[in-house]
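Trainee: I would like a close look at a single part of this model, namely its interior and the residues that line or border it. Please treat the matter as one connected account.

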Amino acid sequence: MEPNLLKKLIGHYVLPKTIIFKKFQQNNRYHMKIKEQISNNHILAITIGLVYLWFGGLKFFAHLSPAEDLAKNTIEVLTFGFIPANIAIILLAIWETFIGVFLILNVFRKPVIILALVHMILTFTPFIFFPNQSFNHSPLVFTLLGQYIFKNVIIIGALLTLYKQPFSVNRVI
């Protein structure tokens, strides 16, 4: 059968194999990018970023964050009272929201992860400075506040996982 006759019979032009193959390759590349993004833990970075953004955002408004008093007291001890509590909580809010936004946007990932790891390590200092608020009876029985702090080991593990991953500027948003 002649190709022109076939086109007339079908009512439209039949795409040559090369065009179909190119379209398949484009779609396959797009799906591979999504797979690459997932394998590079961008979802993990976004979820950690959301936690940082949310918790940091609460600290901009007085008495909304359940960790506000603990944060103020801890920063006061860490800075030897040099930074006033009302300024310290705003600086912490800026630090946390900065980390959150940059993790969500996947920019400057390695330096931001280092800042987040420093932050996470500092969240454990209340175990040393305020053991009566962190533990019930022994170092193995946490108060609710102690549990709130200790769950950060999960975030540290996730941040270390992200840090080891190769950085990719391609984003799926």
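Mentor: A helix here is a DSSP run of H or I with at least four residues, a strand is a run of E with at least two, and the elements are numbered from the N terminus. On that basis, the predicted model contains 10 helices and zero strands. Read from the N terminus on, the order of elements is α-α-α-α-α-α-α-α-α-α. Of the 173 residues in the protein, 31% are buried. Among contacts with a separation of 6 or more, 70% join residues 24 or more positions apart. The accessible surface comes to about 11,600 Å², and carbon and sulfur atoms account for 71% of that area.

The interior is best approached through its nonpolar cores. The largest of them has 21 residues, and those with the most contacts inside it are Ile-48, Tyr-52, Ile-99, Leu-103, Ile-113, Met-120 and Leu-159. Helix 3 (42-58), helix 5, helix 6 (109-122) and helix 10 (152-164) are the elements that give two or more residues to this core. Leu-103 illustrates the packing: setting aside neighbours within four places in sequence, Leu-103 is in contact with Ala-45, Ile-46, Ile-48, Gly-49, Val-112, Ile-113 and Leu-159. Another core lies apart from the 21-residue one and has five residues, among them Ala-71, Ile-75, Ile-89 and Leu-92.

Helix 4 (68-78) supplies a set of buried residues: Glu-68, Leu-70, Ala-71, Lys-72, Thr-74 and Ile-75. Their cover includes helix 5, helix 7 (126-129), helix 8 (131-134) and helix 9 (144-150). Just beyond, in the loop between helix 4 and helix 5, comes Phe-80. Most residues other than glycine have a negative phi. Phe-80 is not a glycine, yet its phi is positive, at about 55 degrees. Its relative accessible area of 78% makes Phe-80 exposed, because the cut-off for that class is over 50%.

Asn-106 offers a counterpart from the loop between helix 5 and helix 6. Asn-106 is likewise not a glycine and has a positive phi of about 60 degrees. Its relative accessibility is 4%, so Asn-106 counts as buried under the 20% limit.

A charged residue also belongs to the buried set. Lys-59, in the loop between helix 3 and helix 4, has a relative accessible area of 5% and is therefore buried. Leaving out neighbours within four places in sequence, Lys-59 is in contact with Ser-65, Ile-89, Ile-90, Leu-92, Ala-93 and Glu-96. Ile-89 and Leu-92 in that list are also members of the five-residue core. A polar atom of the Lys-59 side chain lies 3.5 Å from the backbone oxygen of Phe-55.

Partly exposed residues complete the picture at the border. Ile-114 lies in helix 6 and has a relative accessible area of 41%, which makes it partly exposed. The C-alpha atom of Ile-114 is 9.2 Å from that of Leu-160, although 46 residues separate the two along the chain. Phe-98, with a relative accessible area of 33%, is partly exposed as well.

Phe-98 leads on to the aromatic rings. There are nine aromatic pairs. One of them joins Phe-98 and Phe-102, with 4.3 Å centre to centre and 35 degrees between the planes, a tilted arrangement. These two residues both lie in helix 5 (residues 85-105), four residues apart, which is about one turn of the helix. Elsewhere, Phe-124, Phe-127, Phe-135, Phe-142 and Phe-150 form one aromatic cluster.

Rings also meet charged side chains in this model. Lys-110 lies over the face of Tyr-163, 4.5 Å from the ring centre. At Tyr-148, the charged end of Lys-151 sits over the ring, 4.8 Å from its centre.

Definitions and conventions
Residues are numbered from 1 along each chain as its sequence is written. This is a predicted model: local features need pLDDT of at least 70, side-chain atom pairs count only at pLDDT 80 or more; totals for chains, interfaces and linings use all residues. Side-chain values use heavy atoms; hydrogens and water are left out. Buried means under 20% relative accessible area, exposed over 50%, partly exposed in between (1.4 Å probe, protein chains only). Contact means heavy atoms within 4.5 Å. Accessible areas come from the Shrake-Rupley method with a 1.4 Å probe; for residues, only the protein chains shown count as cover. Rings of Phe, Tyr and Trp (its six-membered ring) pair if their centres lie within 6.5 Å; planes under 30 degrees apart count as stacked, over 60 as edge-to-face and the rest as tilted. A charge sits over a ring if NZ of Lys or CZ of Arg is within 6 Å of the ring centre and within 35 degrees of the ring normal. A nonpolar core is a set of buried Ala, Val, Leu, Ile, Met, Phe, Trp, Tyr and Cys residues joined through side-chain atoms within 4.5 Å. A polar contact is a pair of N or O atoms within 3.5 Å; within protein, one must be able to donate a hydrogen and the other to accept it, and residues adjacent in sequence count only if both atoms are side-chain atoms.
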